[in-house]
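Let's take a walk through this model together, starting with the helices and ending in the loops. Keep the viewer open so you can click along.

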Amino acid sequence: MKTKDLVYVGIYLALVLVLDLTKEMIPFLNLPFGGSINIALIPLTVASFHLGYKKAMLIGVMWWAIGSLMGFNEWYLNFMQYSLDYIVPSIILALSSIFYSHKTNKAMFIRLFENCTNLVSLSIPEGIKTIEFQTFYNCKSLSKIDIPEGVNFIDSYSFSDCLSLVNLNLPGSLTTIGSGNFSNCENLISIGFKEGLEIIEDYAFSSTKNLCELHLPKSIKSIGKHAFSWNDKIVYLSLPEGLISLDEGAFQGLSCVETIDLPFSLTSVSDQCFTSCYKLKKINIPSGTRTRFVKLLDKSLHKFLIEK
């Protein structure tokens with residue numbers, strides 16, 4: 001478990017314990033025939049959606065263990081009643097994130113296949129519209145993934161650190177790629193984008209070092225911070241007409257890129273967008289737009305501007 005996750009587990013556990021201890025001190029939570037509403041289950045439910053059901057279950061077990069050691073619960077007096085009142089509700093709420101779904105959206109569960117290092121290939125079933133947070137995170141052996149038409153959103157870090165992923169084909173229904181989605185997929189060499197994609201968020205393809213070519217669709221509107229930063233293979237980069245904004249460091253560290261084509265539609269370019277592109281020789285811009293691009297781009301890039 002990563003340090004950040006350990007910290008979150010500790011915070012949620014502390015909240016659960018504090019609320020469990022103080023629930024009987026809050027008058028309106030007391031029930032007329034004894035007992036009280038256990039608000040300690042609220043952070044446990046939130047933890048399930050934030051950290052995933054496995055860590056939420058861990059928090060639940062630690063809650064019970066600490067309570068038993070400190071004498072907060074008396075499960076040994078009537079285990080069946082205690083199970084119905086506390087253990088069963090806690091288990092259901094800890095597992096709540098894996099049952100997530102709502103009327104307008106069918107989703108793959110949060111962190112469902114996280115750290116499944118033996119998973120080699122998978123076809124996502126028809127009907128799924130959202131791939132949730134870190135669903136396939138750190139599946140180091142995953143080399144083939146079929147994403148069907150109908151998926152319109154891939155949440156943050158869903159495929160991050162999938163080191164065996166080589167080729168990727170994205171569906172035309174996809175409109176947004178979330179933060180860090182395919183970051184650190186070091187062996188990814190090709191991405192098939194389709195028209196319909198509009199937003200690529202921060203770090204989405206950062207450190208995909210072996211990506212050889214990048215063909216973005218004309219539907220793309222914005223590219224987030226460091227979305228394609230730190231790549232060693234791309235030599236020619238052509239950004240499509242229709243693109244409006246490039247955020248900070250979007251293409252930073254493309255160490256082999258020599259030529260970049262910028263579209264007329266581009267109106268916003270943040271700092272360090274093309275820094276550390278050591279082999280850059282020219283930036284092609286539409287005829288008559290030099291004055292505008294001089295204002296948009298960092299001064300260090302002005303010498304590369306060539307009107308087409």
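Before we look at any residue, one bit of vocabulary: buried means under 20% relative accessible area, exposed means over 50%, and partly exposed is whatever sits in between. Also keep in mind that what you're looking at is a predicted model.

Start with helix 2, which runs over residues 41-51. Its buried residues are Leu41, Pro43, Leu44, Ala47, Ser48 and Leu51. Look down the helix axis and these buried residues fall within an arc of 160°, so they line one face of helix 2. The background here is simple: an α-helix has 3.6 residues a turn, so residues three or four places apart point the same way. Thr45 is also part of helix 2, but with a relative accessible area of 21% Thr45 is partly exposed. Just after helix 2 comes Gly52, with a positive phi near 100°.

Thr45 is a handy bridge to the other helix. The C-alpha atoms of Thr45 and Tyr12 are 9.9 Å apart, although 33 residues separate the two along the chain. Tyr12 is itself one of the buried residues of helix 1.

So on to helix 1. This helix has 20 residues and spans 29 Å from its first C-alpha to its last, close to the 28 Å expected at 1.5 Å a residue. Which residues of helix 1 are buried? They are Asp5, Val9, Tyr12, Leu13, Val16, Leu17 and Asp20. Around the axis they cover an arc of only 135°, which puts them on the same side of helix 1. Turn the helix round and, on the face away from that buried side, you'll find the exposed residues Thr3 and Lys4.

There is a greasy spot to look at as well. Val7, Tyr8, Ile11 and Leu15 make up a nonpolar patch on the surface, and together they offer about 330 Å² of accessible area. Ile11 belongs to helix 1, residues 3-22. With a relative accessibility of 43%, Ile11 counts as partly exposed.

Next, the cysteines. How many disulfides does a search of the whole structure find? The count is 0. Take Cys139: the closest cysteine sulfur belongs to Cys162 and lies 5.2 Å away, too far for a bond. For scale, a disulfide here would need the two sulfur atoms within 2.5 Å. Cys139 counts as buried, at 0% relative accessibility. Cys277 is in no disulfide either, as its nearest cysteine sulfur, in Cys273, is 8.4 Å away. Cys277 is buried too, with a relative accessible area of 10%.

Charged side chains give us something to zoom in on. In general, side chains of opposite charge can pair when their charged atoms come close. A search of the whole structure turns up 1 salt bridge. Glu149 and Lys194 are the partners, and their closest N and O atoms are 3.8 Å apart. This pair ties together distant parts of the chain, 45 residues apart: Glu149 is in the loop between strand 4 (144-146) and strand 5 (153-154), while Lys194 is in the loop between strand 8 (190-192) and strand 9 (199-200). Are these two buried or partly exposed? Glu149 is partly exposed at 43% relative accessible area, and Lys194 is partly exposed at 43% as well.

Now for some backbone angles. Most residues other than glycine have a negative phi. Ser207 goes the other way, with a positive phi near 65°. You'll find Ser207 in the loop between strand 9 and strand 10 (222-223), where it counts as buried at 14% relative accessibility. His226 isn't a glycine either, yet has a positive phi of about 50°. His226 sits in the loop between strand 10 and strand 11 (236-238), and at 11% relative accessibility His226 counts as buried.

Last stop: Leu262, in the loop between strand 13 (259-261) and strand 14 (268-269). At 5% relative accessibility, Leu262 counts as buried. The C-alpha atoms of Leu262 and Leu239 are separated by 5.6 Å, with the two residues 23 apart along the chain.

Terms used:
Residues are numbered from 1 along each chain as its sequence is written. This is a predicted model: local features need pLDDT of at least 70, side-chain atom pairs count only at pLDDT 80 or more; totals for chains, interfaces and linings use all residues. Side-chain values use heavy atoms; hydrogens and water are left out. Patches are made of residues with over 30% relative accessible area and no salt bridge: like charges are joined within 9 Å, nonpolar side chains (Val, Leu, Ile, Met, Phe, Trp, Tyr) within 5 Å. Accessible areas come from the Shrake-Rupley method with a 1.4 Å probe; for residues, only the protein chains shown count as cover. A salt bridge is a side-chain nitrogen of Lys or Arg within 4 Å of a carboxyl oxygen of Asp or Glu. Helices (H or I, at least four residues) and strands (E, at least two) are DSSP runs, numbered from the N terminus. Buried means under 20% relative accessible area, exposed over 50%, partly exposed in between (1.4 Å probe, protein chains only). The arc is that of the directions from the helix axis to the C-beta atoms. The expected span of a helix is 1.5 Å times one less than its number of residues.
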